[in-house]
Amino acid sequence: HGNCIERIKLVMKIGILNLPFDNNYGGSLQRYALVAVLQRMGYQVEHINLQLSHKIPWQKRPFVYAKRLVKKMLFCSSTPIFLERQLRKQKAEKNRLAEKFYEKYIPHTPIVHTVSDIKKTCSGRYAVYVVGSDQVWREGMTRYIGLENYFLKFTQGEDVRRIAYSVSTGNNECYNQKLVCKLSSLYKLFDAVSVREETLLPVLESYGWNNPVPVWTLDPTLLLSVNDYRLLIDRADGVTDITSGRIYCYILDDNEKVSEVIRQKEKELGVESVVVGLADTADVSIEQWLNNISKSRFVITDSYHGTVFSILFNKPFLYVGNCRRGNSRIDSLFEMLDISAGETDFNWSAINENILKWRRLSLSFLKEAIG
C-alpha cells in the first residue's frame with residue numbers, strides 16, 4: 001500500500017503558477033521554497049516559466065518602427081527605434097543571477113509568454129495546479145495574462161485539482177461587483193484555497209466565496225527552516241560577509257524618510273550600513289542577499305520578504321512602511337507571529353515557536369489539499 005502511494009505521487013505532477021519570472025529576491029525564494037516542500041512530500045513539481053515578452057508581433061513592426069522614426073526626426077523623441085531589443089538586453093542583464101539560481105534549483109517548463117502558450121505547454125501535463133504565493137490575486141499585478149488566469153481559467157475543462165496557496169491581493173483591495181461575478185464561477189472550481197493575509201478572509205466571505213472555505217497560511221518561504229537557507233548560502237560561490245557587524249538595508253523604494261531612519265540607526269549603533277535595492281540584483285546574488293541578512297547586526301527594510309528573512313535568521317530589524325507595495329501583509333505577518341509593530345527587542349524563542357506551529361498547520365493544508 002505504501003509503495004502504491006509513492007508510485008502515485010511520482011505520477012502525479014504538480015504545476016505551480018505565480019507572477020512572471022523576474023529579479024525579485026522574495027519572488028525567487030518563495031518559488032524555491034514551494035517547489036522544495038512539494039518535492040519533499042514526494043511529488044514531481046514544475047514551475048510554469050511565465051515571462052514578460054518584449055516583442056512586437058511581426059505584422060505590426062513596420063508601422064511601429066516607422067512611427068518611432070518619424071517622432072525621432074520631427075520631435076526629437078528619445079524612444080529608440082528598436083526599443084524591444086534594448087529592453088531584452090536590459091532584462092537579461094538584470095536577471096542574470098536570478099536566472100542562474102532558477103536554472104539550478106527550480107524545475108520548470110519552457111518559457112511561456114501568453115495564455116495560449118500556457119495552454120499549449122501545460123494542457124494534460126499536470127494532475128494538480130497550485131497558484132501562489134505572492135500577490136497573484138492583486139488585479140494591478142496580473143494584467144499581463146489577466147487576473148482570471150490566476151484563478152486558473154486556462155484549466156477549465158481539464159480533470160485536475162486546483163489549489164490556491166497563500167494567495168494575496170497586496171493591500172486587500174476589493175474587486176468591483178462585475179469582477180466578483182466574473183471570478184465566482186472560477187473560485188468554485190478550486191479544491192482548496194488559503195490566503196497569506198488574515199484580513200483577506202472577510203473580504204472573500206463578503207463575495208460569497210466560501211466553497212471552498214479559505215484558510216490562513218504561511219508565505220512559502222516560512223515553510224522551510226533557517227538551515228535550509230544556510231545550506232543555500234554554503235553551496236554558493238563567491239559569497240562574502242560584507243555586512244558582518246553592520247546595518248543591512250534592503251530598500252525597494254528609497255526616499256528621504258528612509259534615508260533619515262538609516263542615518264539615525266547608524267548613529268545609535270555607531271556602525272556603518274550597507275544598502276541594497278532592486279537595481280543591484282545584477283551584482284548581488286540571491287545567496288549573497290540571504291547572507292547579507294544572516295551576517296548583519298541589524299536590518300532596515302521596506303520589503304515583505306526582507307522582513308520575513310530577518311525573522312527567520314532572528315535578526316533585529318526595523319520595517320519601514322511602504323504603502324505602495326502593501327503594508328497589510330506585514331501587519332498580518334506580525335499578528336501571526338505575535339510581533340509588535342516597531343518592536344526591535346524580540347523574543348526569538350516565542351517567535352520561532354509560532355513559526356513552527358504555523359508551519360505544521362500550513363504543511364497540513366497543502367497535504368490535504370493535494371489529496
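Biologist: Which residue of S6 does Val195 stand opposite?

Modeller: Val195 stands opposite Trp216 in S6. The model is a predicted one.

Biologist: What makes strand S5 and S6 a pair?

Modeller: Pairing requires at least two bridges between two strands. Two bridges join S5, residues 192-195, to S6, so the requirement is met and the strands count as paired. They run parallel.

Biologist: What is the order of the strands in the open sheet?

Modeller: The six strands follow the order S2-S1-S3-S4-S5-S6, with parallel pairing.

Biologist: Why are strand S2 and strand S6 said to stand at the edges?

Modeller: Strand S2 (44-47) and strand S6 (215-216) each have a single partner strand, so one side of each lacks a neighbour in the sheet.

Biologist: Which strands does helix H14 lie across?

Modeller: Helix H14, residues 348-370, lies across strand S1 (13-17), strand S3 (128-131), strand S4 (161-167), S5 and S6. Its angle to S4 is about 160 degrees.

Biologist: Why is the link between Asp191 and Arg161 called a salt bridge?

Modeller: The rule asks for a side-chain nitrogen of Lys or Arg within 4 Å of a carboxyl oxygen of Asp or Glu. The closest N and O atoms of Asp191 and Arg161 are 3.7 Å apart, and therefore the pair satisfies the rule. The two residues are 30 residues apart and link distant parts of the chain: Asp191 is in the loop between helix H7 (177-187) and S5, while Arg161 is in strand S4. By this rule, the count comes to 14 salt bridges.

Biologist: What is the volume of the largest pocket, and which residues are closest to its centre?

Modeller: The largest pocket has a volume of about 860 Å³. Of its 33 lining residues, Asp22, Asn23, Asn24, Met141 and Leu278 are the closest to the centre. Helix H2 (25-40), helix H4 (83-94) and helix H12 (304-312) are the elements that each give two or more residues to this lining. By class, the lining has eleven nonpolar, twelve polar and ten charged residues.

Biologist: Which element gives the largest share of the lining of the second largest pocket?

Modeller: The largest share, five residues, comes from H5. This pocket has a volume of about 250 Å³ and is lined by 15 residues, with Lys100, Ala236, Asp237, Ser285 and Glu287 nearest its centre. Helix H5 (96-105) and helix H11 (286-295) are the elements giving two or more residues to the lining.

Biologist: How many residues of each class does the lining of the second largest pocket have?

Modeller: The lining has six nonpolar, three polar and six charged residues.

Notes
Residues numbered from 1 in each chain as written. Predicted model: local features only at pLDDT ≥ 70, side-chain atom pairs only at ≥ 80, totals over all residues. Heavy atoms only, no water. 1 Å grid on protein atoms, 1.4 Å probe; cavity = no way out; pocket = protein on both sides within 12 Å on 5 of 7 lines; lining within 4 Å. Points joined across faces, edges and corners; volume = space filled by probe spheres on them. Helix = DSSP H or I, 4+ residues; strand = E, 2+ residues; numbered from the N terminus. Nonpolar A, V, L, I, M, F, W, Y, C, P; charged D, E, K, R; others polar. Contact = heavy atoms within 4.5 Å. Axes fitted to C-alpha atoms, helices over the stretch in contact; angles between N-to-C directions.
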